[in-house]
Amino acid sequence: MKKTQKLMLAVNIAIISAIFVMNYIYQSNGFDFTLKCICSGSFALLGVINLVYSLATKADNKKFYIGMSAGLILAFLGDVLIGYDFIVGAATFALGHVCFVVAYCFMQRMQRLDFIISGSLFLGCLIFLLFCPLLTFDVAIFRVVCIIYALIISMMLGKAVGNFVREKTLINGTIAVASVLFFFSDLMLVFDWFIGLWSWTDHACMGTYYPALCFLALAMCIKSIKNNR
């Protein structure tokens, strides 16, 4: 491994470690909004750093890096906006998820298995959102927003798993793990916002959310290093 590659890997590990520590402090301090913005801004910054490195080293499949970086930046913006307006924040998150799905498609085109997995996941989400008696939507449009969001996050996870099933590489495995964590985190967010019966759901949400985004950013670094060996 070249010195620049070792340096990039070290930068990624350092920033990710800092995010993990800040995430613990953030949750231990009553989910302080400023700390949340710092954590989220850090993974967005890491995405930009990895994008710049991929462009500087002329890594192939530049659209993948652009899509991943855009997704990370939109996730950061979603974190900021959802505290002020649920619909605007959710829409920003959804757009970020679309960027991730598109980036995954630049790794491998959409295939039948991807649609089967995604469709199965969405069907389960749809049944849950429509018929779970514990869910309470004070504003009717929130249910619609959640259904649309569920479709997109199901596509994101389905595509990631499909890519890994067909090609079991470290990059695809990292992305698949990140997507599973992201899906679970979103589920916990629904539990916290629209059921609200358990005190642990917000911790479960953020405890898996930041690792998910960190692993997505790390996948960019791994791919750059592999491409430039």
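Here are some notes on this predicted model, going from the overall fold down to single residues.

1. **Overall make-up.** The chain has eight helices and zero strands. Following the sequence from start to end, the pattern reads α-α-α-α-α-α-α-α. The chain has a radius of gyration of 17 Å, close to the 17 Å that the globule rule gives for 229 residues, so the chain is as compact as a globular protein of that length. Along the principal axes, its C-alpha atoms fill a box of roughly 55 × 45 × 25 Å.

2. **Burial and contacts across the sequence.** Of the 229 residues in the chain, 50% are buried. If you take the contacts between residues at least 6 apart in sequence, 78% of them join residues at least 24 apart.

3. **The main nonpolar core.** The largest nonpolar core holds 65 residues, and the ones with the most contacts inside it are Phe43, Phe100, Phe182, Tyr209, Leu213 and Leu216. Two or more residues of this core come from each of helix H1 (3–28), helix H2 (33–56), helix H3 (62–81), helix H4 (86–107), helix H5 (112–131), helix H6 (140–166), helix H7 (170–194) and helix H8 (201–227). The top contributor is H8, with 14 residues.

4. **Phe100 as a place to look.** If you want one residue from which to explore the core, try Phe100, which is among those with the most contacts inside it. Which residues does phenylalanine 100 touch, leaving aside its neighbours within four places in sequence? The contacts are Gly67, Met68, Gly71, Leu72, Met156, Phe182, Leu213 and Leu216. Of these partners, Phe182, Leu213 and Leu216 also appear among the core residues with the most contacts.

5. **A buried aspartate.** Please have a look at aspartate 114, which is found in helix H5. Aspartate 114 counts as buried because its relative accessibility is 0%, and the cut-off for buried is under 20%. Beyond its neighbours within four places in sequence, aspartate 114 is in contact with Arg109, Gly158, Lys159, Gly162, Asn163 and Arg166.

6. **Salt bridge to Lys159.** How many salt bridges does a search of the whole structure find? The search finds two. One of them pairs aspartate 114 with lysine 159, and the closest N and O atoms are 2.9 Å apart. Aspartate 114 lies in helix H5 and lysine 159 in helix H6, so this pair ties together parts that are 45 residues apart in sequence. Both aspartate 114 and lysine 159 are buried.

7. **Salt bridge to Arg166.** Aspartate 114 also forms a salt bridge with arginine 166, again with the closest N and O atoms 2.9 Å apart. Here, too, distant parts of the chain are linked, with aspartate 114 in helix H5 and arginine 166 in helix H6, 52 residues apart. The side chains of aspartate 114 and arginine 166 are joined by a polar contact of 2.9 Å as well. Is arginine 166 buried or partly exposed? Arginine 166 counts as partly exposed, because its relative accessibility is 30%. Taken together, Asp114, Lys159 and Arg166 are linked in a network of salt bridges.

8. **Helix H7 and what follows.** The 25 residues of H7 should span 36 Å at 1.5 Å a residue, and this agrees with the end C-alpha atoms, which are 36 Å apart. After H7 comes glycine 196, with a positive phi near 65 degrees.

9. **Two backbone points between H2 and H3.** A pair of non-glycine residues deserves a friendly second look. Lysine 58 sits in the loop between H2 and H3 and, although it is not a glycine, has a positive phi of about 55 degrees. Lysine 58 counts as exposed, at 67% relative accessibility. Asparagine 61 is in the loop between H2 and H3 too, and has a positive phi of about 60 degrees although it is not a glycine. Asparagine 61 counts as partly exposed, with 25% relative accessibility.

10. **Ile13 and Asn61.** Isoleucine 13 belongs to helix H1 and counts as partly exposed, at 47% relative accessibility. Isoleucine 13 and asparagine 61 are 48 residues apart in sequence, and their C-alpha atoms are 23 Å apart in space.

Methods. Residues numbered from 1 in each chain as written. Predicted model: local features only at pLDDT ≥ 70, side-chain atom pairs only at ≥ 80, totals over all residues. Heavy atoms only, no water. Core = buried A, V, L, I, M, F, W, Y, C linked by side-chain atoms within 4.5 Å. Buried < 20%, exposed > 50% of the residue type's maximum accessible area, 1.4 Å probe, protein only. Helix = DSSP H or I, 4+ residues; strand = E, 2+ residues; numbered from the N terminus. Contact = heavy atoms within 4.5 Å. Polar contact = N/O pair within 3.5 Å; in protein donor to acceptor, adjacent residues only side chain to side chain. Expected span 1.5 Å × (residues − 1). Salt bridge = Lys/Arg side-chain N within 4 Å of Asp/Glu carboxyl O. Rg over C-alpha atoms; globule rule 2.2 N^0.38 Å.
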